Amino acid sequence: MTHLANDPADFAAEALEGFAALHPDLVQAVPGGVIRATPPRAGHVALVLGGGSGHHPAFAGWVGPGMGHGAVCGNIFSSPSESQVLSVARAAEAGGGVLFVPINYAGDILHFGAAREALEGDEVPARLVAVTDDIASGGPAERHQRRGIAGSFLVVKVLAAAADSGMALDPLADLAVRVNDATRSLGVAFSGCTLPGADQALFSVPSGQMAVGLGIHGEPGLSHQELGTAQDVADLLVDGLTADRPISTGGAVAVLVNGLGATTPDELYLVAARVQSRLVAAGARVVAPVVGSLVTSMDMAGVSVSLLDLDEETESYWLAPAHTSSFWRAETGSSTPPVSASTSTDVDPRAASAGTDRGMRPDVTAPADPRSVAAAGWAHEALGRAVSAVEAQEAELGALDAVAGDGDHGAGMVRGARAAHQAMGAGVADGAGLGTALHRAGTAWSDVAGGTSGALWGAGLRASGDSLGDDAEPTAGQVLDAVQAFLDAVQSRGGAQLGDKTMVDALVPFVEHLRHELDRGSSLREAWSAAADAATRAAQATADHAARTGRSRTHGDASIGTPDPGAVSLALIVGSAN
């Protein structure tokens, strides 16, 4: 378990605060994460990485000369919000644009993608290339749907050196695609991990066995096998990696043997020695291998192996000097930590403002029709009932999510709903109309909750607010249009369709039944109640389906028999709001 914490809800923020305070020579804290303490050269691309916390030293520990220019740090195992990503990107940007390199989890892609669009809307060039290295989460034909895990370290090291060399944004993004395609990882776990404040692990591994193909957010492995010796584990990992892509005879390969949090260095070296001998025997030239715990999963015991096939160009970047709190590589022949070659102070990104997200309503409250203000008050009361309902089911929602995910859905929904309720209340107190109040609620939900659900609920509520506006008390037809706008935004942002085992499976029936009941003459309250009942039935029916998209997709049939937590929480909220 995680033994040391203050308030578990503040664990990630306090850990990041302590990290930044103790490494002022390398990083500076900014809202949402950290940036390099030494600014990059003017006109250079800023490499911005990040994701959920709980993986230290990833991702803040990878910021420094020769590595990342900025890292965005979400809550434990939860993607950072769009506003956090924008804050770090704007602070790190030095005139050459931004390359985002998140790991491939649904929430990270949603929030980093939205931030990229916002930057480009502000005429800051930005590109996004996700790391998709986990071979357990998809075959070669599904390469770009795979999860991102420890291979992200190899990708970041190469791209950061290229960025510091002055490579422009588009060539750097092309290189990112090529390096990601050349990277693959596979891991095993010997125990689950425990979230701060929790009294049990997210999953368990039977004694004498190992879980093969785990993720780094507390997802269980895809299969169990007998543990065996260190050499047996190394052979299993190498066999899996070479089956995915054979080793080229005489080819250069970068190697990371990574601990997941509770695996000792000596154990890692036992595995690393066997991995090296196997690769050399296969004809590979192993270049500057790295052994250590660089992408962890809280207190999980386990190990992963990542390989990156190198060419002449990427080998030079792999060997380039770097200096972070967790990793340093000296100049060739040097025995001291390197000093950044990028010490120009032409541009100081620390003076950059985090700004506001494009398209989001400003804090200034525009005059609204009194009837819309009254409707906003009603909506605030309804959201308060929804908050209470989600709080009461937080543990159950987390348990549903732990079956094929990371178990944080309940906590994330509570964080988001509370923040949305507070923001809406502040808007009502300022005299905001219904559209503005909903828009503010959506922005707060996305910012505080993070993760996939945070992005989707934030986008949906903002779309509903934009649909309704502040000019009048909404009619039943306008409420229906707003709910349809919510659905359209969720599907546009997340890409899920009916039957994929997501919140969409409850949301579509809700919209359809609401429309049907209103068409047949029911009052809005009666129609909403009937639609909420339909959403509840549909959410429970997702237990019969295998996940086809989102994080649970990786575990496929493992989720059969358990309803989708996103669908359940949506049904819970619409049912309590009436």
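Ala, Val, Leu, Ile, Met, Phe, Trp, Tyr, Cys and Pro count here as nonpolar, Asp, Glu, Lys and Arg as charged, and the others, Gly among them, as polar. By that division, the lining of the second largest cavity has five nonpolar residues, four polar ones and no charged ones. The structure is a predicted model. This briefing covers a sheet of six strands, two helices that pack on that sheet, the cavities, one pair of packed helices and several single residues in loops.

**The six-stranded sheet**

- Six strands make up an open sheet with mixed pairing, and their order across the sheet is 1-2-4-3-5-6.
- Strand 1 (27–30) and strand 6 (126–128) are the edge strands; each has a single partner strand, so one side of each has no neighbour in the sheet.
- On average, neighbouring strands of this sheet are turned by 25° against each other, direction ignored.
- Strands of a sheet pair through backbone hydrogen bonds, and the pairing is either parallel or antiparallel.

**Pairings within the sheet**

- Strand 1 pairs with strand 2 in the antiparallel sense, over four bridges.
- In this pairing, Val27 stands opposite Arg36 of strand 2.
- Strand 1 and strand 2 form a hairpin with two residues between them, and Gly32 in the turn has a positive phi of about 100°.
- Strand 2 also pairs with strand 4, again in the antiparallel sense, over three bridges.
- Here Ile35 stands opposite Gly70 of strand 4.
- Strand 3 (residues 46–53) and strand 4 (residues 70–76) run parallel and are joined by five bridges.
- Across from Leu49 stands Ala71, which belongs to strand 4.

**Helices on the sheet**

- Helix 1 (residues 11–22) lies across strand 1, strand 2 (33–36), strand 3 and strand 4, and runs at about 150° to strand 4.
- Helix 2 (residues 82–92) also packs on the sheet, where it touches strand 1, strand 2, strand 3, strand 4 and strand 5 (98–102).
- The direction of helix 2 makes about 160° with that of strand 4.

**Cavities**

- The count of cavities of 30 Å³ or more comes to two.
- The second largest cavity holds about 40 Å³ of space.
- Its lining is made up of Ile149, Ala150, Gly187, Leu214, Gly215, Ile216, Asn258, Leu260 and Ser304.

**A pair of packed helices**

- Two packed helices are described by the angle between their axes and the distance between the axes.
- For helix 10 (residues 394–402) and helix 17 (residues 565–577), the angle is about 155° and the axes are 9 Å apart.
- Angles over 145 degrees count as roughly antiparallel, and helix 10 and helix 17 are therefore roughly antiparallel to each other.
- Helix 10 contributes Leu397, Leu400 and Asp401 to the contact, and helix 17 contributes Pro565, Val568 and Ser569.
- The residues of this contact divide into four nonpolar, one polar and one charged.

**Backbone exceptions**

- Most residues other than glycine have a negative phi, and most peptide bonds are trans.
- The peptide bond from His56 to Pro57 is cis, with omega near 15°.
- The peptide bond from Ala58 to Phe59 is cis too, with omega near 15°.
- Pro57 is in the loop between strand 3 and strand 4, and Phe59 is in the loop between strand 3 and strand 4 as well.
- Ala288 is not a glycine, yet has a positive phi of about 45°.
- The loop that holds Ala288 lies between strand 11 (285–286) and strand 12 (290–292).

**Loop residues with contacts far along the chain**

- Gly251 sits in the loop between helix 6 (230–244) and strand 10 (252–259).
- Although Gly251 and Arg285 are 34 residues apart in sequence, their C-alpha atoms are 5.8 Å apart in space.
- With neighbours within four places in sequence left aside, Gly251 is in contact with Gly283, Ala284 and Arg285.
- Pro474 belongs to the loop between helix 13 (451–468) and helix 14 (476–494).
- Pro474 and Arg371 are 103 residues apart along the chain, and 8.6 Å separates their C-alpha atoms.
- Not counting residues up to four places away in sequence, Pro474 touches Ala375, Leu434, Leu468 and Val479.

Key:
Residues numbered from 1 in each chain as written. Predicted model: local features only at pLDDT ≥ 70, side-chain atom pairs only at ≥ 80, totals over all residues. Heavy atoms only, no water. Pairing = 2+ DSSP bridges. Axes fitted to C-alpha atoms, helices over the stretch in contact; angles between N-to-C directions. Contact = heavy atoms within 4.5 Å. 1 Å grid on protein atoms, 1.4 Å probe; cavity = no way out; pocket = protein on both sides within 12 Å on 5 of 7 lines; lining within 4 Å. Points joined across faces, edges and corners; volume = space filled by probe spheres on them. Parallel < 35°, antiparallel > 145°, perpendicular 65-115°, else oblique.
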